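Subject: Structure for you to look at

Dear colleague,

Here is the structure I said I would pass on. My notes follow below it.

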Amino acid sequence: MAFVTRQFVRSMSSSSTAAASAKKILIKHVTVIGGGLMGAGIAQVAAATGHTVVLVDQTEDILAKSRKGIEESLRRVAKKKFAENPKGADEFVAKTLSSISTSTDAASVVHSTHLVVEAIVENLQVKNELFKRLDKFAAEHTIFASNTSSLQITSLANSTTRQDRFAGLHFFNPVPLMKLVEVIKTPMTSQKTFESLLDFSRALGKDPVACKDTPGFIVNRLLVPYLMEAVRLCERGDASKEDIDTAMKLGAGYPMGPFELLDYVGLDTTKFILDGWHEMDSKNPLFQPCPSLNKLVAEKKFGKKSGEGFYKYK
């Protein structure tokens, strides 16, 4: 009897697993909103792995620039991937580009897509307005995902009627090279949606990690407080920024010191993240404003992209 019971339980368990897997969405058609560095990178890796992609932005000029950037990036990838086969490299580039179409009208292209990935400006109101509008045109099965690195996924999901089909899909820059994707599950995200996004990330050749909808997810939640503590260490006069950078590179094996990394990421970007967290939890000591960071941003010294941050680059 025990044997029969075990067989029955095992059979039921296998059937349940199979049923759950059958319910997952096989994502093959992807719409990427935002033709900037991140959006173009996501479009590139999706197209290069056999997905049909529509890249959306506000103007044809932006999209032309995005497509040119994707082609240049693909040629760099192809040169390494097909080092001994120039013809194969050209075919790879041509085939990938043929899988990417562009549009300036997001509402007209989301009706048949499996997944919408948003990669626009880090502004809650702008993102919410976009998702609210697209929610009216997208098919019922379509999953919405945001590439935000700092905003609360739940707040974005609440702008739609598909909270169970909404999650975070946080890629890292540069997308074609960075293997990590953070898949963010809100309390409302269905298991079907979550597993579909894990499978999609793996299909892109990425290594997904799961995280709840907590400020900064995994990487930024650990990274930003570390960066800010380095700045505070310097503010107190305990060590110079140069010695702090040297110490973390030689002592911890980091490829860049915290001040070098801050300048690379962008001081304005880091301040935006920190300010958002402080607004959510003003009593958290890790989220407190940083005077020297605020001063540099006020002076338009954003790091490498502006020519000066904690260091000078001109």
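Lysine 80 is exposed: its relative accessible area is 74%, and the cut-off for that label is over 50%. Please keep in mind that this is a predicted model. The residue lies in helix H3, which covers residues 60–81.

I looked at Lys80 since the unreviewed UniProt entry lists Ser73, Lys80 and Ser149 under "binding site". These three span 77 residues in sequence, and the farthest two C-alpha atoms are 29.9 Å apart, so the set does not all gather at one spot. From this set, Ser149 is part of the lining of the largest pocket.

Is serine 149 buried or exposed? With a relative accessible area of 17%, serine 149 counts as buried, because the limit for that class is under 20%. Serine 149 sits in the loop that runs between strand S5 (143–146) and helix H7 (153–157). Setting aside neighbours within four places in sequence, the residues in contact with serine 149 are Glu122, His170, Gly216, Phe217, Asn220 and Ile273.

That list leads on to the domains. The domain assignment gives domain 1 as 26–212 and domain 2 as 220–306. By these bounds, Ser149 falls in domain 1, and its contacts Asn220 and Ile273 fall in domain 2. The C-alpha centres of the two domains lie 29 Å apart.

How many residues of each domain are in contact with the other? Four residues of domain 1 meet five residues of domain 2. Between them the domains bury about 470 Å², with 53% of this on carbon and sulfur atoms. Of the area that domain 1 buries against domain 2, 64% is supplied by Glu122, Ser149 and Ser150, more than by any other three residues. Ser149 is thus listed in the record's "binding site" set and is also one of these three residues at the domain contact. The number of salt bridges between domain 1 and domain 2 is zero.

One last item concerns helix H3 again, where aspartate 61 has its place. Aspartate 61 has a relative accessibility of 64% and is classed as exposed, because this is over 50%. The C-alpha atoms of aspartate 61 and isoleucine 218 are separated by 35 Å, and the two residues are 157 residues apart along the chain.

Best regards

Key
Residues numbered from 1 in each chain as written. Predicted model: local features only at pLDDT ≥ 70, side-chain atom pairs only at ≥ 80, totals over all residues. Heavy atoms only, no water. UniProt positions renumbered as here; feature names shortened; annotations may be inferred. 1 Å grid on protein atoms, 1.4 Å probe; cavity = no way out; pocket = protein on both sides within 12 Å on 5 of 7 lines; lining within 4 Å. Helix = DSSP H or I, 4+ residues; strand = E, 2+ residues; numbered from the N terminus. Buried < 20%, exposed > 50% of the residue type's maximum accessible area, 1.4 Å probe, protein only. Contact = heavy atoms within 4.5 Å. Domains from an automatic or database assignment. Buried area = accessible area lost by both parts, 1.4 Å probe. Salt bridge = Lys/Arg side-chain N within 4 Å of Asp/Glu carboxyl O.
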